[in-house]
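Work through the exercises below with the sequence and the 3D structure at hand. Each task is followed by a solution in steps.

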Amino acid sequence: LPAGQVNLTVTALNDDGSRFNVTGARTFHKCSPFTGNYPPKARSYREASAKALDYAFELTSTQYWIENTRPDPEYWLYLYPTKVISELIPAMLTYEKLRPERAATARKIALNAADYLISISELKGAALEGMPPTYYWHGKGEVEDLDIRYRYYQNMLIYPCRAGKAYLALFDATGDRKYYDAAIAVSDWYRDHVQPNGSWYLMVNIADGTPAANAFCLTFDIEDFL
């Protein structure tokens, strides 16, 4: 297929080759293929990674963690803690290896971010015991996105496993059992609430753990964590 917009129709045929039915149709964009005829890379992959993490490290919202145990209230994307903060932790653990002169600061950011995730996780005896939230906002002003306001009382189960992975990475780096135990709490919940189809409800209500919709997770991240 040439690069560009593609209109694909799939037609089922009878044994004699005649048309039986159109079984599906979709339109998509096919990207240009890799040709190999590109100039040499400007820097090593290691240095490219370091420069990308330089940018993340130097963000005001990242630097805020150095002296604070709660996220920057001006950075509204922190209202998705298991989406955003869970990725910051392993990023800083990688960064400390790439930029040794900043290692201590990167480690402190990772520790404060992880401790915050643990602090906002569901307490012992709760329906989602040990699970960090998908939506949690303590910043300035109201959350303007009505969908977020609605989902604030729900947890999207494709994300707590990312926090679990971050805890395990931090346990490997520090040996602090607190992070191992936090990861086990997340994995225990997944183990105890797997559905007969081998997956988990995508959205559950925090108050009682009941499904918020009849939709299930694509489970690759969860299974990798477990």
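The exercises go from the whole chain to single residues.

This is a predicted model, in which local features need pLDDT of at least 70, side-chain atom pairs count only at pLDDT 80 or more, and totals for chains, interfaces and linings use all residues. Residues are numbered from 1 along each chain as its sequence is written, and side-chain values use heavy atoms, with hydrogens and water left out.

**Exercise 1.** List the secondary structure elements of the chain in order.

Solution. Start with the rule: helices (H or I, at least four residues) and strands (E, at least two) are DSSP runs, numbered from the N terminus. Counting them gives 8 helices and 4 strands. Read from the N terminus, the order is β-β-α-α-α-α-α-β-α-α-β-α.

**Exercise 2.** Compare the radius of gyration of the chain with that of a compact globule.

Solution. The radius is taken over C-alpha atoms, and the globule rule is 2.2 Å times the number of residues to the power 0.38. For 226 residues the rule gives a value near 17 Å, whereas the chain has 22 Å. Next, look at the extents: the C-alpha trace spans about 70 × 55 × 35 Å along its principal axes.

**Exercise 3.** Sort Cys-161 as buried or exposed, and decide on its disulfide state.

Solution. Buried means under 20% relative accessible area, exposed over 50%, and partly exposed in between (1.4 Å probe, protein chains only). Cys-161 has 0% relative accessibility, so Cys-161 is buried. Cys-31, at 56%, counts as exposed. A disulfide is a pair of cysteine sulfur atoms within 2.5 Å. By this rule the count is 0 disulfides. Cys-161 is in none, as the nearest cysteine sulfur, that of Cys-217, lies 8.2 Å away.

**Exercise 4.** Place Phe-216 in the chain and name the residues that Phe-216 touches.

Solution. First, Phe-216 sits in the loop between strand 4 (203-205) and helix 8 (220-225). Second, its relative accessibility is 33%, so Phe-216 is partly exposed. Third, take contact as heavy atoms within 4.5 Å. Leaving out residues up to four places away in sequence, Phe-216 touches Gln-195, Asn-197, Ser-199, Trp-200, Tyr-201 and Leu-202. Phe-216 and Gln-195 are 21 residues apart in sequence and 9.3 Å apart in space, C-alpha to C-alpha.

**Exercise 5.** Locate Glu-74 and state how far Glu-74 is from Ala-215.

Solution. Glu-74 is in the loop between helix 2 (60-63) and helix 3 (81-98). With a relative accessible area of 54%, Glu-74 is exposed. From Glu-74 to Ala-215 the separation is 141 residues in sequence and 33 Å in space, C-alpha to C-alpha.
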